[in-house]
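Biologist: Could you take me through one part of this model in detail? I would like a close look, at your own pace.

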Amino acid sequence: MADNYETTREIEIELNGSRYRGRYRVMSGTVIVYYENEIKFADCGMNGPEVVAKWLLTDLSRRLEAKKRKSAGS
C-alpha cells in the first residue's frame, strides 16, 4: 500500500505531564512532523513511521518549551 503524500495523521505524546498533539505524513521513506509553526523531518529507516514521528514531536515540543522558558526568564 503506497502512502498518499497529502494524507496526514494525528500524533500525540505526553512529556513531563503535558500532552502535545501534532500531525505527520510519510513521503518516500521520510517522516515529516508538523507542530504549531514548526516542521521537522527524518528518514524512517528500520523504525516504523509512527515511532519516528513520536521522536520528532518530542524533540519539537522540548525545543518550544525551552524557548518559552527562556523568553519568560528574560
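Biologist: Which strands does α1 lie across, and at about what angle does α1 run to β1? Please start there and then work through the sheet underneath.

Modeller: Gladly! Please keep in mind that this is a predicted model. Helix α1 lies across β1, β2, β3 and β4, and runs at about 55° to β1.

Let us take the sheet first. Its 4 strands form an open sheet in the order β1-β2-β3-β4, with antiparallel pairing. The edge strands, each pairing on one side only, are β1 and β4. From one strand to the next, the twist averages 30°.

Now to the individual pairings. Strands β1 and β2 run antiparallel and are joined by 7 bridges; across this pairing, Ile-13 stands opposite Tyr-20 in β2. Further along the sheet, β3 and β4 are also antiparallel, with 6 bridges, and here Val-31 stands opposite Ala-42 in β4. These two strands, β3 and β4, form a hairpin with 2 residues between them. Strand β4 itself is hardly covered: among its 6 residues, the count of buried ones is 0.

The core comes next. The largest nonpolar core has 16 residues, and those that touch the most other members are Tyr-24, Val-31, Val-33, Tyr-35, Ala-53 and Leu-57. Two or more residues each are given to this core by β1 (9-15), β2, β3 and α1 (49-73). The largest share, 6 residues, comes from α1.

Val-33 is a good place to pause. Leaving aside neighbours within four places in sequence, Val-33 is in contact with Arg-23, Tyr-24, Glu-38, Ile-39, Lys-40, Ala-53, Leu-56, Leu-57 and Leu-60.

Tyr-35, another of those core residues, also takes part in an aromatic pair. A search of the whole structure finds 1 such pair. The ring centres of Tyr-20 and Tyr-35 are 6.0 Å apart and the planes stand at 75°, so the pair is edge-to-face; the angle needed for that is over 60 degrees. The two rings link distant parts of the chain, with Tyr-20 in strand β2 (residues 18-27) and Tyr-35 in strand β3 (residues 30-35), 15 residues apart. Tyr-20 counts as buried because its relative accessibility is 8%, and Tyr-35 is buried with a relative accessible area of 8%.

At the other end of β3's residue range, Thr-30 lies in that strand. Thr-30 has a relative accessible area of 17%, so this residue is buried. Apart from neighbours within four places in sequence, Thr-30 is in contact with Arg-25, Phe-41, Ala-42 and Asp-43.

Finally, have a look at the loops on either side of β3. Most residues other than glycine have a negative phi. Ser-28, although not a glycine, has a positive phi of about 50°. Ser-28 is found in the loop between β2 and β3, and counts as exposed at 79% relative accessibility. Glu-36 is not a glycine either, and has a positive phi of about 50°. Glu-36 lies in the loop between β3 and β4 (38-43), in the turn of the hairpin described above. With a relative accessible area of 55%, Glu-36 is exposed.

Definitions and conventions
Residues numbered from 1 in each chain as written. Predicted model: local features only at pLDDT ≥ 70, side-chain atom pairs only at ≥ 80, totals over all residues. Heavy atoms only, no water. Phe/Tyr/Trp six-rings, centres within 6.5 Å; stacked < 30°, edge-to-face > 60°. Buried < 20%, exposed > 50% of the residue type's maximum accessible area, 1.4 Å probe, protein only. Core = buried A, V, L, I, M, F, W, Y, C linked by side-chain atoms within 4.5 Å. Contact = heavy atoms within 4.5 Å. Pairing = 2+ DSSP bridges. Axes fitted to C-alpha atoms, helices over the stretch in contact; angles between N-to-C directions.
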